[in-house]
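Student: Please take me through the helix packing in this chain, starting with one pair of helices looked at closely. After that, set the pair against the other helices and the sheets.

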Amino acid sequence: MPARYHLRFQLHAASDVAELVEFCRESGVDEVVLLLGAEEFHAGHPSGAAEDRLYETARSASEALRAAGLDVSLNPWVTAGHADRGRVGRLGFAPMVGPTGTVATAQASFACPRFRSWITAHYGRFAELVPRVLWLEDDFRYHNHAPLGWGGGFEPLMLDRLAEAVGETVTREQAVAAVTAPGDPHPWRVQLQRVWREAQLEVAEAIAKAVAERSDGRTQLGLMSSEPGVHSVEGRDWPALFDALAIHGRVSHRPHFARYSDAPGRELSFSVWMLEVQRAQRPAHVRSEPEVENWPHTAWSKSDAQTWSELVAAQLAGSDALFLNVHPMQSGRAGRFPRVAELLRRSRPALDRVASKGDTVGVALPVRQDAAAHVRTVRGGDLADLAVDPGPAADFLLRYGVPVTAGDAPVRVLFGQVAWAYGDAELRRMLGGGLLLDGTAARILDERGLGKLLGVTVEEVVGRESASAPGPYALERHGDVFLSVNGQPALARLRPAADTETWTEILTPDLRVWGPGRCVHTNELGGRICVLAATAVDLLPYDDDGQQLLHEMVRYLEGEDPALPLVTGGPHLIPHLSRTPDGLRLAVANGSADPAHVRIHLPGTPTGAEATLLRPLAAPEPVPAVVTDGLVEFGAPLPHRGWLLVEWPRSRRSAASARARR
């Protein structure tokens, strides 16, 4: 299945379409997604003559693009509105209001009837042009609406809905205090999330109805999304939202997964887990077209090598198309950017090589769309404190060469406050397999009466500035190796049971023992448990010793039937492991600026391994694999942001996948 390029582009005039067609032919673009009144050309929600101009440009351009053999989608720039940026609403919408009382000047409330009438008419009108997809921007959300601090959802119309739900008048100040209150979640939190969710679903359903009617069911809707943690704060129900947007069962998703500008190579771990987690949130029938955006655009914002590496990550995730936002939105002239065409041409061989769909394999991440409903805050007052996702756990594992999956697996990881989101039965199921816990999750499970199955009791969580004896924690000792815990904001003080092994000790600067650092235990359910004293694993320094220790822990958690390939050979070698129709496939990205000599550690002696080196913007090339007992090495170094593709035939896959399912 070859890669598909969907190019998002803003035309100033239909007369520029011939130049755009030529660009698409040169660069292998399959579809043009026409932006309408975006960014620098956004003067507020369009109506009247302004909307007429957008419509006529879209109409004539769509006709010309289709005549040239290109598919066409449309991307109106705003729904509720991205940010005020000095603009003032002119259509009488009830504005969004933030948690501190800041009132938007150009962004609308989802509860506003006038806004609902406008957006259904706006999308309905453009549906008459029968684009393949009419996209909803990622401003179809409550968070991130500058200058509103966290975002909106506290306007009077929405508070009226909350008051009806709770049976009493609610002020904005009361609502914010309640939903962010420390301790057990206040009942109003889930009620506000339900109010937000229902208001958004009502708008989605109205838009879908209008688009279905005006396009005779031939156009589908698509939704851009941002990070799962903040959508969880909003109370988003992913299946319900996609169901509301679906037209004859068809709907598309444009997940955010990559930074908008230059970032260190290790950030590829963010791309891998973001794609994986959103895949788990999205119903299986929904098309995925991840967005690669270079903002403010072109290689001046993000290097071509970085863009290429992110395109490969998206293709490895089984994406249906690659959504490209790589031109300056204000230009309007595709031909002025031959370097972008060259980027797309040179990227295609690698993208075609890795294109396929398959289930991911690895350590299972905790994915709960309702996680924010269960968070216990400490300080109160800040909605950002409710946002939790698997990111810290995923980065910790991926950057140390351990593959992850958002599906279920024999070995799981549970870090942080997401532990509150699971019921006792589900937690006991996890505790019956391999489970890696940080100090926060261990404390939560201990509080819930599951400490016996952990093999440790969490006596207290000691903050960085605590005067608790015997002094400040600084080091973690594993045999004759020292690691640092000096940057941890808090550590769990663990008391191991008699049959629990203590693998590391926490030390003070003068080398006095503070307490256990990492403990392992096989419980009465047969589960293998590893508990870390660290409560902010994302702040632990990465190093070779830390990688070796984590790999030893993963092998312990796998027990007598290990299956996962573990990667070493350089810093930040980021794996993506999947089952394909032909077998098992491991892709490894180099997130370091230095070349790396990849080493893959596997139980037993693998047979039939074939390797392909994907250098940035270069044609794929086979590389020899040197196989010894439990180890695969390769005859060529992996460059910065390059990917190494290693594939085993079905015979190898069958044994590994059977073990992974158990």
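Tutor: In this predicted model, helix α9 passes helix α12 in a right-handed crossing. Helix α9 covers residues 268-281 and helix α12 covers residues 391-399. Their axes come within 9 Å and cross at roughly 120°. Angles over 145 degrees would count as roughly antiparallel and 65 to 115 as roughly perpendicular, and α9 and α12 are therefore oblique to each other. On the α9 side, Ser269, Phe270, Val272 and Trp273 make the contact. On the α12 side, the residues are Gly391, Ala394, Asp395, Leu398 and Arg399. Sorted by class, this contact of α9 with α12 has five nonpolar, two polar and two charged residues.

The chain after α9 is also worth a look. His285 sits in the loop between α9 and β9, the latter being residues 287-288. With neighbours within four places in sequence set aside, His285 is in contact with Gly249 and Val251. His285 and Phe242 are 43 residues apart in sequence, and their C-alpha atoms are 9.9 Å apart in space.

Phe242 falls within the numbering of helix α8, residues 238-245, which leads to another helix pair. The axes of α8 and of helix α6, residues 187-214, come within 7 Å and cross at roughly 25°. Because angles under 35 degrees count as roughly parallel, α6 is roughly parallel to α8. From α6, the contact takes in Gln200, Leu201, Ala204, Glu205 and Ala208. From α8, it takes in Ala240, Leu241, Ala244 and Leu245. The contact of α6 with α8 has seven nonpolar residues, one polar and one charged.

A further pair is helix α10, residues 304-316, with helix α11, residues 338-354. These two pack at an angle of about 35°, with their axes 10 Å apart. The crossing of α10 and α11 is right-handed. Helix α10 contributes Asp304, Thr307, Trp308, Leu311, Val312, Gln315 and Leu316 to the contact, and α11 contributes Arg339, Leu343, Ser347, Ala350, Leu351 and Val354. By class, the residues of this contact divide into eight nonpolar, three polar and two charged.

Now the strands. Strand β17, residues 475-478, is joined to strand β18, residues 481-484, by four bridges, and the two run antiparallel. Within this pair, Arg477 stands opposite Phe482. The hairpin of β17 and β18 has two residues between the strands, and Gly479 there takes a positive phi near 65°. Strand β17 is also joined to strand β20, residues 501-507, by three bridges, again running antiparallel. Here Glu476 has Ile506 of β20 as its bridge partner.

One open sheet is made of five strands in the order β24-β25-β31-β27-β28, with antiparallel pairing. Its edge strands, β24 (573-580) and β28 (621-623), each pair on one side only. On average, neighbouring strands of this sheet are turned by 25° against each other, direction ignored. Inside the sheet, strand β27, residues 610-614, pairs with strand β31, residues 643-649, in the antiparallel sense over five bridges. Ala611 is bridged to Val646 in β31.

Another open sheet has four strands in the order β23-β26-β30-β29, also with antiparallel pairing. The edges of this sheet are β23 (566-568) and β29 (625-628), each pairing on one side only. Its neighbouring strands are turned by 20° against each other on average, direction ignored. Strand β29 and strand β30, residues 631-634, pair in the antiparallel sense over four bridges, and Val627 has Val632 of β30 as its bridge partner. A helix meets this sheet as well: α15, residues 544-558, lies across β23 and β26 (599-601), running at about 165° to β23.

As for the whole chain, its secondary structure comes to 16 helices and 31 strands. The radius of gyration is 26 Å, close to the 26 Å that the globule rule gives for 662 residues, so the chain is as compact as a globular protein of that length. Taken along the principal axes, the C-alpha atoms fill a box of roughly 75 × 65 × 40 Å.

Key
Residues numbered from 1 in each chain as written. Predicted model: local features only at pLDDT ≥ 70, side-chain atom pairs only at ≥ 80, totals over all residues. Heavy atoms only, no water. Axes fitted to C-alpha atoms, helices over the stretch in contact; angles between N-to-C directions. Contact = heavy atoms within 4.5 Å. Nonpolar A, V, L, I, M, F, W, Y, C, P; charged D, E, K, R; others polar. Left-handed = near helix turned anticlockwise from the far one by under 90°. Pairing = 2+ DSSP bridges. Rg over C-alpha atoms; globule rule 2.2 N^0.38 Å.
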